[in-house]
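Trainee: Could you take me through one part of this chain at close range? I would like to hear about a loop and its surroundings.

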Amino acid sequence: MSDAIDPDRLDRAVEHALHRHTDYGAEELDESHVASDPIVQFDRWLAEADARGVYEPNAMVLGTIDADGTPSSRTVLLRGVDDRGFVFFTDRESRKGRALAAHPTATLLFPWYPVHRQVIVTGAVAPADDEESDAYWAGRPYGSRIAATASRQSRPIASRAELEARVAALEEEYAGVDDVRRPERWGGFRLRPWRIEFWQGRTSRLHDRLVFTRDPAADAAGWDLERLQP
Ligand SMILES: Cc1cc2nc3c(=O)[nH]c(=O)nc-3n(C[C@H](O)[C@H](O)[C@H](O)COP(=O)(O)O)c2cc1C
């Protein structure tokens, strides 16, 4: 494969996207039928994304702020959602983990392009408790637990071979024993939302945007609903 950048590549990709694009507009998002609780509305849309075949509908782009103010983002998987918030699991010493220790505020973006929808959730993030992390850890496959133990996520490593050697050493340590201990650095985070925006693609870019907000400081504050211009 040539290592030169093809100057027409982007134009061709955009052209193909335009051909594949069927006009948005079959659906609307209206104040009269949206749930009054945005977490209930999220749950409805998650079910619909899943039913309509969105690949990994629980994949979300987590945006954080590093200690020095630099933004960063990456995909993580949603592993739980209820009144208390949105849960994901990771290495708390990873880049995102260190960012969340410095700035415990984040956004979660669900890019459900095939169904012309997007949800963006913003809120305060706190570590999930040990019992929750233990329970999730125990349900992960043996190989994933070994890999998470071997990998100091986001740190540089000299080679793939070094990582594989660490995995082999752990497999030997745990040979015949399925009880791989959860490293203290690995666990859950829960984002408690104070803003949830629902975006529904509509005809001629006249999209629907409904945003729910509540007071971040209040414990059980109700939600306000506003329509935003597209
Ligand atoms: C579809 C998908 C799902 C992912 N799920 C997770 C996850 O649940 N937890 C996690 O730590 N990393 C997950 N990753 C990897 C992250 O995107 C990222 O590479 C890793 O967490 C390191 O990020 P950081 O260096 O910004 O901390 C996933 C990646 C993809 C593409």
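Mentor: Happy to; here is a look at one loop proline, followed by its wider setting. This is a predicted model, in which local features need pLDDT of at least 70, side-chain atom pairs count only at pLDDT 80 or more, and totals for chains, interfaces and linings use all residues. Residues are numbered from 1 along each chain as its sequence is written, and side-chain values use heavy atoms, with hydrogens and water left out.

Proline 216 sits in the loop that runs between strand S8 (208-213) and strand S9 (224-227); strands are DSSP runs of E with at least two residues, and helices are runs of H or I with at least four, numbered from the N terminus. With a relative accessibility of 45%, proline 216 is classed as partly exposed, that is, between buried (under 20% relative accessible area) and exposed (over 50%), using a 1.4 Å probe and protein chains only. Beyond its neighbours within four places in sequence, proline 216 is in contact with Arg192 and Trp194, where contact means heavy atoms within 4.5 Å. Valine 121 is 95 residues from proline 216 in sequence, yet their C-alpha atoms are 13 Å apart in space.

Now for the chain around that loop. The chain contains six helices and nine strands, and its C-alpha trace spans about 60 × 55 × 40 Å along the principal axes. Of its 230 residues, 36% are buried. Among contacts with a separation of 6 or more, 63% are between residues 24 or more positions apart.
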